[in-house]
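Subject: Structure for you to look at

Hello,

Here is the structure I promised. Please open it beside this email and follow along.

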Amino acid sequence: TSRDNGYPISDAQRRIWVLSQFRGGSVTYNMPGSIPLDGNYDVEAFGKALHAIIERHEVLRTIFREVQDGTVKQFVLSTEQLGFSIDYKDYRKDKDPGQKAKQYFDKDAYREFDLTKGPLLRAALLRLSDKEYSFYFNMHHIISDGWSMGVLTKEVMAFYEAFTEKQEPGLRPLPIQYKDYAVWQLEQLGTDRFKQHRKYWTESLKGEIPLLDLPSHKQRPVLKTNNGNRLRTYLQVQQAKDIRNYVQDQGGTLFMFLLASLKVLIHKYTQQKDIIIGSPIAGRGHADLENQIGCYINTLPLRSHIDTESTFQENYRRIKENVLKAYDHQMYPFDRLVEDLNLKRDTSRSALFDIMAILQNNTENDTSIEIDPDKTRTVEDLGKAMSKFDIIFTFKEHGNTIALDVTYNSDIYQKRTMATLMGHYKTLVQSIIDDHTKPIDRIDMLSQEQRHELLHTFNDTKAEYPKDKTIIQLFQEQ
């Protein structure tokens, strides 16, 4: 395919393109990030470093257009055609430079990208003091993913240092570009290996797809929205330690325990036993993809049945096997699977699942960092956020404990409901740790205080009534 005629797009890109065509849909796929910088920075050299990365990764110079037959293709522009420039702001004279920078982030995070014109990357160097800067960037998900954000920041710094010290950056040339991966993915779909992957997923998702509706005070909007809010809490230090020990004893991974306990929580809330939770996977199984920027991420719809009469340990073992099998078949594109299943479209929901679970562990965790015990007893409101699903549970190893962020759709759930749910999760985890041989039915998610409140405060229906009238007369009066 020649550069002028465009190149095929990957399955993930096609899905993002379609969802970005809805009003306000594109902003949902903005991926903003920032890193603090200490020292003195040369704005010109920083801009030069970004241009070098745009030159290195074709995907950062890519735009998307519908061609005559209605298919969407990606077109790679030259650096000149793209017309990228870095923004620079000096907030040193402002009363609160940090607040000013935050306003800049918040405003840009919700600015739409034009997928047909580009650039699909924006970047700024914000100066907060003589020796403090913030490097802010925002990419559209159609050309990037969480892993890509790490690659971008690492390479910007490598190029910047090379330019300021007048050396070569020491980055190996990229063996392939994203467009080559998209073509490869298309070719793979016809292979026997991919047919096996397809068979596994269509088998595990056959029959009626369970809809998970957690109790809510709000009516679900007819058209799915992405308005959200994010809350944060931390597991107690001892809890995190006990979970790690449990995983070591039983085999498996931290993610498997968090997923299994989350499914128990959802069962307690909904009484449903057939539960699908989505989880992202990096999709970079090949060494050539490690230093790539692009949308490689894939999603695994993890389905399992909760057996309420068996123990947590037995359920954990089943979920462990289930996750390992899903990993074996992770190469099959989720977006292709959604098409294969030919599901009835529900405009108020995401396809296949409404709850996602993520364990962010792609960075080294410094276990010597100690978290303030108060943070394990409270829920912090992190404010407005885009929520692609009803609820996203994001776990991250944080020093000597585990942080839990819950991003929820604020058009469906209230903050109070979600904060209570986070508390229930921590109590449930404690109940599992105390005795993992208890049947699921007997695992507790209510603390002593909540139990007392339910039994005594809510059930305290004692009331005064007139003694000279019968119940029938009182009823007639009402």
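Is Thr233 buried or exposed? Thr233 is buried, because its relative accessibility is 0% and the cut-off for buried is under 20%. Keep in mind that this is a predicted model.

Let's stay with that residue. Thr233 sits in strand S7, which covers residues 227–234. Its side chain has a polar atom 2.9 Å from the backbone oxygen of Thr378. Thr378 is also among the contacts of Thr233 once neighbours within four places in sequence are set aside. The others are Lys375, Thr376, Val379, Ile402, Ala403, Leu404, Met422 and Lys426.

Next, the strands. Strand S10 takes in residues 355–360, and strand S12 takes in residues 391–398. These two run parallel and are joined by six bridges. To find the pairing on screen, look for Ile358, which stands opposite Thr394 in S12.

S12 also pairs with strand S13, residues 401–409. Here the sense is antiparallel, and there are eight bridges. Ile391 stands opposite Tyr408 in S13. S12 and S13 form a hairpin with two residues between the strands. In that hairpin, Gly399 takes a positive phi near 60°.

As you trace these strands, remember one general point. In a regular strand the side chains alternate between the two faces of the sheet.

Now two loop residues. Asn361 is in the loop between S10 and strand S11 (380–386). Asn361 counts as partly exposed because its relative accessible area is 49%, and exposed means over 50%. How far apart are Asn361 and Glu397 in sequence and in space? They are 36 residues apart in sequence, and 6.8 Å apart in space, C-alpha to C-alpha.

Glu112 is in the loop between helix H4 (97–109) and strand S5 (121–129). Glu112 is partly exposed too, with a relative accessible area of 48%. Along the sequence, Glu112 and Gly25 are 87 residues apart. In space, their C-alpha atoms are 9.2 Å apart.

Last, the empty spaces. Rolling a probe the size of a water molecule over the atoms shows where empty space is left. How many cavities of 30 Å³ or more does the structure hold? There are four.

The largest cavity has about 150 Å³ of space. Its lining has 17 residues, and the closest to its centre are Tyr181, Gln185, Tyr296, Asn298 and Met331. Helix H1 (11–20) and helix H6 (178–188) each supply at least two residues of this lining. H6 gives the largest share, with four residues. By type, the lining has ten nonpolar residues, five polar and two charged.

The second largest cavity has about 40 Å³ of space. Which residues line the second largest cavity? They are Tyr200, Trp201, Ser204, Pro301, Leu302, Arg303, Asn322 and Ala326. Three elements give two or more residues each to this lining: helix H7 (192–204), strand S9 (298–305) and helix H10 (312–328). By type, this lining splits into five nonpolar residues, two polar and one charged.

A good way in is to start at Thr233 in S7. Then go to the hairpin of S12 and S13. Finish with the largest cavity and the four residues that H6 gives to its lining.

Best wishes

Key
Residues are numbered from 1 along each chain as its sequence is written. This is a predicted model: local features need pLDDT of at least 70, side-chain atom pairs count only at pLDDT 80 or more; totals for chains, interfaces and linings use all residues. Side-chain values use heavy atoms; hydrogens and water are left out. On a 1 Å grid over the protein atoms alone, a cavity is a set of points where a 1.4 Å probe fits but cannot get out, and a pocket is an open set with protein on both sides within 12 Å along at least five of seven lines; lining residues have an atom within 4 Å of a point. Grid points are joined across faces, edges and corners, and a volume is the space filled by probe spheres set on the points. Ala, Val, Leu, Ile, Met, Phe, Trp, Tyr, Cys and Pro count as nonpolar, Asp, Glu, Lys and Arg as charged, and the others, Gly among them, as polar. Two strands pair if DSSP finds at least two bridges between them. Buried means under 20% relative accessible area, exposed over 50%, partly exposed in between (1.4 Å probe, protein chains only). A polar contact is a pair of N or O atoms within 3.5 Å; within protein, one must be able to donate a hydrogen and the other to accept it, and residues adjacent in sequence count only if both atoms are side-chain atoms. Contact means heavy atoms within 4.5 Å.
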